[in-house]
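Biologist: Could you walk me through this model, one question at a time? I would like to look at the charged pairs and then at the core.

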Amino acid sequence: MTYDSILSLQAALKESAVQGSVHAQVTQNLTKTTKTGKPYLELTFGDVGGTLSFKVWDNAPWHGAFVGLKENDAVEIFGNWQMSDYGIEISSADVRALSPEEEEALLSGSPETRARQQAAWEDITALADTIHDPRLNTL
């Protein structure tokens, strides 16, 4: 199943483990080590509505798919997702770069989000049109 947002994936995980994918933008990819020296990646992804973080251990078969990700990369993350005492975990994972069209849709948000943004923009421009002080109106 393809989840339309990080929030919808997180909602599904409250019920049970799921298999599926989500589109997101990389916001952080850090290499860290445990107290015992075991290396892992700490990854954070975001979309218009939320963020998602999880760890990928260096001995996981899918580690190589995530190690090269850079901040702002737009990707689709596939895998088996579950909630644990440590947060969201993913297994049997893979990742691919989004096409330009998919990236545009990710950054634009859902139709509902775009409609709210358009309404807010119209409110702002209507308010700006009521400013008669030339010094402020230029701003």
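**Salt bridges, strands and core**

Biologist: Which residue forms a salt bridge with Lys 32?

Modeller: Happy to start there, with a word on the basis: this is a predicted model, where local features need pLDDT of at least 70, side-chain atom pairs count only at pLDDT 80 or more, and totals for chains, interfaces and linings use all residues. Residues are numbered from 1 along each chain as its sequence is written, and side-chain values use heavy atoms, with hydrogens and water left out. A salt bridge here is a side-chain nitrogen of Lys or Arg within 4 Å of a carboxyl oxygen of Asp or Glu. With the closest N and O atoms 3.0 Å apart, the partner of Lys 32 is Glu 42.

Biologist: How many residues apart in sequence are the parts that Glu 42 and Lys 32 tie together?

Modeller: Strands (E, at least two residues) and helices (H or I, at least four) are DSSP runs, numbered from the N terminus. Glu 42 sits in strand E3 and Lys 32 in strand E2, so the parts tied together are separated in sequence by 10 residues.

Biologist: Is Glu 42 buried or exposed?

Modeller: The classes are buried under 20% relative accessible area, exposed over 50% and partly exposed in between, with a 1.4 Å probe and protein chains only. Lys 32, at 30%, counts as partly exposed. Glu 42 has a relative accessible area of 17%, so the class is buried.

Biologist: Which residues are joined with Glu 42 into one salt-bridge network?

Modeller: Lys 55 also forms a salt bridge with Glu 42, the closest N and O atoms being 3.6 Å apart. Lys 55 is in strand E4 and Glu 42 in strand E3, so this pair connects parts 13 residues apart in sequence. Through shared partners, the residues joined with Glu 42 are Lys 32 and Lys 55.

Biologist: Which residue meets Arg 96 in a salt bridge?

Modeller: Arg 96 lies in strand E6, and its partner is 20 residues away in strand E5. Arg 96 is partly exposed at 31%, whereas the partner is buried at 7%. The N to O distance is 2.8 Å, and the partner is Glu 76.

Biologist: What is the bridge partner of Phe 45 in E4?

Modeller: E3 and E4 form a hairpin with 4 residues between them. They run antiparallel and are joined by 7 bridges, where strands pair if DSSP finds at least two bridges between them. Across from Phe 45 in E4 is Leu 52.

Biologist: Which side chains of E4 point to one face and are buried?

Modeller: Side chains alternate along this strand, and Thr 51, Ser 53, Lys 55 and Trp 57 point to the other face and are not buried. The buried set is Leu 52, Phe 54 and Val 56.

Biologist: Within what arc do the buried residues of H1 fall?

Modeller: The buried residues in H1 are Ile 6, Leu 9, Ala 12 and Leu 13. They line one face of the helix, because, seen down its axis, they fall within an arc (directions from the axis to the C-beta atoms) of 125°.

Biologist: Which residues touch the most other members of the largest nonpolar core?

Modeller: Such a core is a set of buried Ala, Val, Leu, Ile, Met, Phe, Trp, Tyr and Cys residues joined through side-chain atoms within 4.5 Å. Among its 26 residues, those touching the most other members are Phe 45, Phe 54, Phe 66, Ile 77 and Trp 81.
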